Amino acid sequence: HFAELFQRYDLGSRDTITLRMRDLRFVAWLSPGNAAQVPMGSTQVSQELREALAAHPSAGVFTAVSPIDGLERTVAYREVEGWPFIVLAGLNNEKFFEPLAMQARMLSLTAACMWLLSCAAAFAIYRVGRRELGAVRALEAQSRRTQILLRVAGDGIHIIDRQGHLVEMSDSFAQMHRSQREALLGRHVSNWDVNQDAAAINAWLGRIRDGDRQRVEVQHRLADGHVIDVDLHWHAVDIDGQLLV
């Protein structure tokens with residue numbers, strides 16, 4: 001069952017998707033091109049994973065050499081809500097991150113989201129400059145792989161288009177709103193922004209340009225009606241003629 005479930009992800013050579021119980025007992029994994037065998041119930045894990053779980057039990061990121069096959073990976077992990085499982089998504093640093101580092105020095109917020117989530121869900125990378133767009137285009141070709149980590153990001157990352165509609169998000173954004181991805185995708189920002197209606201938001205979107213960025217304090221209305229304060233960092237970027245925030 002889990003082998004079929006993991007097959008939906010476009011993993012590179014020596015990338016991994018691993019499922020463990022919350023006490024770290026091994027359940028299942030998928031790692032293309034990897035002949036290593038892991039005994040069911042094994043608790044052989046890196047010290048870095050144990051330290052990361054001790055500091056952040058529900059979700060986090062770490063880099064470590066795997067005791068199973070000796071490869072260094074950057075791994076994002078997250079508890080599976082409603083189940084006694086932890087899912088870990090690991091990218092082989094040698095095959096993936098070194099080429100990215102050569103392609104661009106700085107990434108835009110959109111690229112940072114993808115790279116951050118490829119590196120894992122807790123790095124806050126805010127970079128400026130026109131060179132970021134080249135990195136965005138390079139990352140688009142690998143978007144399926146990076147989307148594995150987008151889903152387990154710890155931050156409430158969300159991307160909207162010029163019309164103010166939500167086009168992508170981390171699971172944490174949906175959870176922050178006490179809602180589901182399916183219920184939020186395609187909705188207008190005004191559905192949760194307490195202080196701005198649709199007309200005001202559309203007028204603002206009509207004024208922003210590629211490269212604009214800002215940090216603002218806003219209020220979001222959750223699905224259950226509660227209102228929370230949000231520290232919002234946004235960055236506008238043009239990708240192939242489409243402006244995204």
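Which residue of strand 2 does L19 stand opposite? In this predicted model, the residue that L19 faces in strand 2 is A28. The pair belongs to the contact between strand 1, formed by residues 16-21, and strand 2; these strands run antiparallel and are joined by four bridges.

The wider setting is an open sheet of five strands, arranged in the order 2-1-5-4-3 and paired in antiparallel fashion. Strand 2 (26-30) and strand 3 (59-65) occupy the edges; each has a single partner strand, so one side of each lacks a neighbour in the sheet. Between neighbouring strands of this sheet the average turn is 20°, with direction ignored. In general, the strands of a sheet pair through backbone hydrogen bonds, in either a parallel or an antiparallel manner.

Helix 2, residues 47-55, packs on this sheet. It touches strand 3, strand 4 (72-79) and strand 5 (85-92), and its direction makes about 160° with that of strand 3. Within helix 2, the residues L49, A52 and L53 are buried. These three cover an arc of only 95° around the axis, and therefore lie on the same side of helix 2. The buried residues of helix 2 pack against strand 3, strand 4 and strand 5. On the other side of the helix, by contrast, A54 and A55 are exposed.

Strand 4, one of the strands touched by helix 2, offers two residues for closer inspection. The first to consider is T74, which is placed in strand 4. T74 counts as buried because its relative accessibility is 6%, below the 20% cut-off. Its side chain takes part in polar contacts with two other side chains: that of T63, at 3.2 Å, and that of N93, at 2.9 Å.

The other residue is R78, also found in strand 4. With a relative accessible area of 10%, R78 is likewise buried, since the limit for that class is under 20%. The C-alpha atom of R78 is separated by 6.7 Å from that of G60, although the two residues are 18 residues apart along the chain. The R78 side chain also makes a polar contact of 2.6 Å with the side chain of Q175.

Taken together, the description runs from the antiparallel sheet with its order 2-1-5-4-3, through helix 2, whose buried residues pack against strand 3, strand 4 and strand 5, to the polar contacts made by the side chains of T74 and R78.

Note on methods: Residues are numbered from 1 along each chain as its sequence is written. This is a predicted model: local features need pLDDT of at least 70, side-chain atom pairs count only at pLDDT 80 or more; totals for chains, interfaces and linings use all residues. Side-chain values use heavy atoms; hydrogens and water are left out. Two strands pair if DSSP finds at least two bridges between them. Axes are lines fitted to C-alpha atoms, for helices over the stretch in contact, and angles run from 0 to 180 degrees between N-to-C directions. Contact means heavy atoms within 4.5 Å. Buried means under 20% relative accessible area, exposed over 50%, partly exposed in between (1.4 Å probe, protein chains only). A polar contact is a pair of N or O atoms within 3.5 Å; within protein, one must be able to donate a hydrogen and the other to accept it, and residues adjacent in sequence count only if both atoms are side-chain atoms. The arc is that of the directions from the helix axis to the C-beta atoms.
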